[in-house]
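Trainee: Got a minute to go through the empty space in this model with me?
Mentor: Sure, put it on the screen.

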Amino acid sequence: MKLVAVSKFHPNEDIIEAYDAGQRRFGENRPQEFCKKVQELPKDIEWHFIGHLQTNKLKMVLPYASLVQSVDTQHLLDAVNEWGRDNGKVINVLLELHIGAEETKQGFVEEDILDILFRAESYRNIRFCGLMGMATHTDCEEDIRADFCRISSFMDYLKDLFPEYEDFKELSIGMSEDWHLALEYGATIVRIGTAIFGPRA
Ligand SMILES: *Cc1c(COP(=O)(O)O)cnc(C)c1O
């Protein structure tokens, strides 16, 4: 299981403190902040991009992100693939599945993801590494479990369907409030901010 320390809104000093304690994997959700921190902080940090990414901001993120966790539209996926082609890079991505109850949450539905993976070979500059999801923001454990169960079952289904996609193995679910549940559903990546850095300003 990989821990992504979500450092968004927190200053470099806080990141350095976690770095000195041994943490090397950090996540940010705003391109400008991501890009600035990448320049200013140690070069052996593995940076994950976890937020909504607009196609006009790709160059702030794609050169530096070891994983873009939050590809949530066909348009973005196409643009990332094109950027990769133009820059001679293969970009590691997770496809974000919409699982939470909130209408505002980003993400694909299952059919979209199936459709993309059936055409995966045509995305020559994308490496499909798995799924990301955010459970409903609620105190109701049963609702959170239902969301995690849905994405976890879908992940298993995809792995059975596409055994040849060996890189497609990461399941990024679980945040400060629900990571302990996410582990029960096969999380391979958890994204934790508040529980590490405290509340965001
Ligand atoms: C902010 C954020 C997190 C971390 O949330 P916490 O509740 O502070 O742990 C995880 N994932 C995404 C996509 C986020 O935007």
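**Cavity and pockets**

Mentor: The largest cavity holds about 30 Å³ of space. A cavity is a set of points on a 1 Å grid over the protein atoms alone where a 1.4 Å probe fits but cannot get out. Volume is the space filled by probe spheres set on the points, which are joined across faces, edges and corners.

Trainee: What should I know about the source?
Mentor: This is a predicted model: local features need pLDDT of at least 70, side-chain atom pairs count only at pLDDT 80 or more, and totals for chains, interfaces and linings use all residues. Residues are numbered from 1 along each chain as its sequence is written, and side-chain values use heavy atoms, with hydrogens and water left out.

Trainee: Which residues line the largest cavity?
Mentor: E96, L97, H98, I99, G100, K105, Q106 and M134. Lining residues have an atom within 4 Å of a point.

Trainee: How does that lining split by class?
Mentor: Three nonpolar, three polar and two charged. Ala, Val, Leu, Ile, Met, Phe, Trp, Tyr, Cys and Pro count as nonpolar, Asp, Glu, Lys and Arg as charged, and the others, Gly among them, as polar.

Trainee: On to pockets. What volume does the largest pocket have?
Mentor: About 650 Å³. Of its 30 lining residues, M134, H137, M175, R191 and R200 are closest to the centre. A pocket is an open set with protein on both sides within 12 Å along at least five of seven lines.

Trainee: What takes up that space?
Mentor: The ligand; its space is the largest pocket. To count as sitting there, a molecule needs more than half of its atoms within 2 Å of the grid points.

Trainee: Which ligand contacts are polar?
Mentor: Among them are three to ligand oxygen atoms, with a polar contact being a pair of N or O atoms within 3.5 Å. The side chain of K8 has an N or O atom at 2.7 Å, and S176 has a polar side-chain atom at 2.5 Å. G193 uses a polar backbone atom, at 2.8 Å.

Trainee: How much of the ligand is covered?
Mentor: The protein covers 91% of the 380 Å² of accessible area that the ligand has on its own. That area comes from the Shrake-Rupley method with a 1.4 Å probe.

Trainee: And the second largest pocket, what volume there?
Mentor: About 200 Å³. Its lining has six nonpolar, no polar and five charged residues. Among them are V90, F128, E164 and D167.

Technical notes: A polar contact is a pair of N or O atoms within 3.5 Å; within protein, one must be able to donate a hydrogen and the other to accept it, and residues adjacent in sequence count only if both atoms are side-chain atoms.
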